[in-house]
Amino acid sequence: MRFILAFVLLVLPVLSSAQSEEIVLGLSRDEVAITATFDGTDVLIFGAIKRDAPAPDTGPLQVIITLAGPSAPITVRRKERILGIWANTDAVEVDQAPSFYAVATSAPLAESLSATEDLRRAISIPQVIRSVDAPASIENAESFTDALIRIRAGSGLYQVLDGGVDIEEETLFRGQITLPAALTEGDYKARIFITRDGIVVDEYETTIAVFKAGLERFLFELSRNQPLLYGLMSLAIAIAAGWLASAAFRLFLR
C-alpha cells in the first residue's frame, strides 16, 4: 500500500505539469492554390502556450513543427554501370513516403526530442518513411531510404530546419516553412509539439489544403475526364507552335 501511495505521489506532479501546458495555434493560411504561375509559397505557423499553472522548471521548453504532404508508395531503384551503360539493377519498395515533409525546431532536433518519443510519434524524416522488407538478395537496404531522403532533400521536398522556430518567454512561438513549386495536391498535415527534456508535453494537429486552381485545374480535369480532347488540343498547340516558330525563322532569314 505504501508503495502504491508513493508511486501516485511521484506520478501526479508529472501528469499535472503535462496537462498544465497546451498549444493555441494560428496559421497564416489554411489553403494553398496551385496556379499556372505558382512558384512556391511560405506558410507561417504561430501560436502560444496556454497554462493553468506557472511553467514547470524541469527543463527548457522546445517547440517542434512538422508539415507533411500526402503519402504514397514509391519504388527506389539502384543504377549501376554495366558494359558502359547505366542500367537499373536492384529495387526496393517503400511502403509509404510523404510527397513533402518539413520539420522545424526551436533547438536541434536531437536536443528537443528523445529517440523514444521520435519512434512513438514519427516526427523525424526517417521515422515518417515506412519501408517494407527488402529482398534477401539486396544488401544494405537502408541505403535506398537514405537515397530517397537525399534526392528529395536536394529538391526542397524534405526539409530539416533546426532553429527555424522562434520562442519568446516560453509562451509565444512562430515558425515559417517554405513550400516549393512542385507540390502534390491534397491535405497537408501540420503537427505542433511542445517538449521538455525531450518528452512531448502537448500536441496539436491541423491541415492545410493544397489544390490546383485556374488554368491548372482546367487542364488537370480535362486530361482526366476527356483525355481524347486533351490529346487533340495538345497536338493542335504543338503544331501551331511549330508553325509559328518556322514562320518567325523564315522572317528572320529575310
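Two strands are taken as paired if DSSP finds at least two bridges between them. Helices (H or I, at least four residues) and strands (E, at least two) are DSSP runs, numbered from the N terminus. The model is predicted: local features need pLDDT of at least 70, side-chain atom pairs count only at pLDDT 80 or more, and totals for chains, interfaces and linings use all residues. Residues are numbered from 1 along each chain as its sequence is written, and side-chain values use heavy atoms, with hydrogens and water left out.

The protein has seven helices and 13 strands. Of its 254 residues, 32% count as buried. Buried means under 20% relative accessible area, exposed over 50%, and partly exposed in between (1.4 Å probe, protein chains only). The accessible surface comes to about 15500 Å². Carbon and sulfur atoms hold 59% of that surface. Areas were computed by the Shrake-Rupley method with a 1.4 Å probe; for residues, only the protein chains shown count as cover. Contact means heavy atoms within 4.5 Å. Among contacts between residues at least 6 apart in sequence, 71% join residues at least 24 apart.

One open sheet is formed by four strands in the order 1-3-11-10. The pairing in this sheet is antiparallel. Strand 1 (21-27) and strand 10 (165-168) stand at the edges, each with a single partner strand, so one side of each has no neighbour in the sheet. From one strand to the next, the twist averages 20°. For such angles, axes are lines fitted to C-alpha atoms (for helices, over the stretch in contact), and angles run from 0 to 180 degrees between N-to-C directions.

At one edge, strand 10 is joined to strand 11 (residues 172-179) by four bridges. These two strands run antiparallel. D166 has R174 in strand 11 as its bridge partner. The loop between strand 10 and strand 11 holds E170. This residue is not a glycine, yet its phi is positive, at about 55°. E170 is partly exposed, with a relative accessible area of 26%.

At the other edge, strand 1 contains G26. G26 counts as buried because its relative accessibility is 13%. Leaving aside residues up to four places away in sequence, G26 touches L44, I45, F46 and G47. The C-alpha atoms of G26 and I45 lie 6.1 Å apart, although 19 residues separate the two in sequence.

Another open sheet has six strands, in the order 2-13-12-4-7-9. Here the pairing is mixed. Strand 2 (31-34) and strand 9 (158-162) are the edge strands, and each pairs on one side only. Neighbouring strands of this sheet are turned by 15° against each other on average, direction ignored.

The parallel sense appears between strand 7 (residues 101-105) and strand 9, which pair over five bridges. T105 stands opposite D162 in strand 9. Strand 4 (residues 61-68) and strand 12 run antiparallel and are joined by eight bridges. In this pair, I65 stands opposite I192 of strand 12.

Strand 12 is mostly covered, with eight of its eleven residues buried. Eleven bridges link strand 12 to strand 13, again in an antiparallel arrangement. Y188 has I208 in strand 13 as its bridge partner. The two strands form a hairpin with two residues between them. D197 lies in the loop between strand 12 (186-196) and strand 13 (199-212). Its phi is positive, near 55°, in a residue other than glycine. D197 is exposed, with a relative accessible area of 52%.

The surface also carries a nonpolar patch of about 410 Å², made by F249, F252 and L253. Patches are made of residues with over 30% relative accessible area and no salt bridge: like charges are joined within 9 Å, and nonpolar side chains (Val, Leu, Ile, Met, Phe, Trp, Tyr) within 5 Å. A salt bridge is a side-chain nitrogen of Lys or Arg within 4 Å of a carboxyl oxygen of Asp or Glu. Within the patch, F252 belongs to helix 7 (residues 227-253). F252 is exposed, with a relative accessible area of 69%.
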